[in-house]
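Open your viewer and get ready to click along with this short tour.

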Amino acid sequence: QVQLVESGGGLVQAGGSLGLSCAVSGSIYRLGAMAWYRQAPGKERELVAHITSTGITNYGDFVKGRFTISLDNVSKIVYLQMNGLKPEDTAVYYCHANLTPLDSEISNFYWGQGTQVTVSS
């Protein structure tokens, strides 16, 4: 069974840095795009960063050069390096992937369980 396993959240002071990682667990046929989303209490889930299998990236407007997404296609791990964190970055961060499981010819979307990022002022 395919799963996305996230790690790296935690508590950091404003201006600090955190790195998140998300590994694809299970056998897959093809890995497509991966992304990070976040959801703060009382707010909609929003896109943080997106990366295609060829390395093309896209970021939410609020990122403003502070975050970097990267993808290791061989290890099937996506990373999010976050610098210059602000209290408003506090949220649960979710990994998202478009992939095709080995036992299926159909690609589908998967979500990780979420990891809490808290930025104190």
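Is Trp111 buried, partly exposed or exposed? Select Trp111: with a relative accessible area of 39%, Trp111 is partly exposed (buried means under 20% relative accessible area, exposed over 50%, partly exposed in between, with a 1.4 Å probe and protein chains only). This is a predicted model, where local features need pLDDT of at least 70, side-chain atom pairs count only at pLDDT 80 or more, and totals for chains, interfaces and linings use all residues. Residues are numbered from 1 along each chain as its sequence is written, and side-chain values use heavy atoms, leaving out hydrogens and water.

Next, add Tyr94, which counts as buried at 15% relative accessibility. The ring centres of Tyr94 and Trp111 are 6.4 Å apart and the planes are at 90°, so this pair is edge-to-face (rings of Phe, Tyr and Trp, the last by its six-membered ring, pair if their centres lie within 6.5 Å; planes under 30 degrees apart count as stacked, over 60 as edge-to-face and the rest as tilted).

Now show Arg45. Its charged end sits over the ring of Tyr94, 3.8 Å from the centre, and also over the ring of Trp111, 4.6 Å from the centre (a charge sits over a ring if NZ of Lys or CZ of Arg is within 6 Å of the ring centre and within 35 degrees of the ring normal).

Finally, colour strand S11, residues 115–120 (strands are DSSP runs of E, at least two residues, numbered from the N terminus). Thr115, Val117 and Val119 point to one face and are buried, while Gln116, Thr118 and Ser120 point to the other and are not.

Terms used:
Helices (H or I, at least four residues) and strands (E, at least two) are DSSP runs, numbered from the N terminus.
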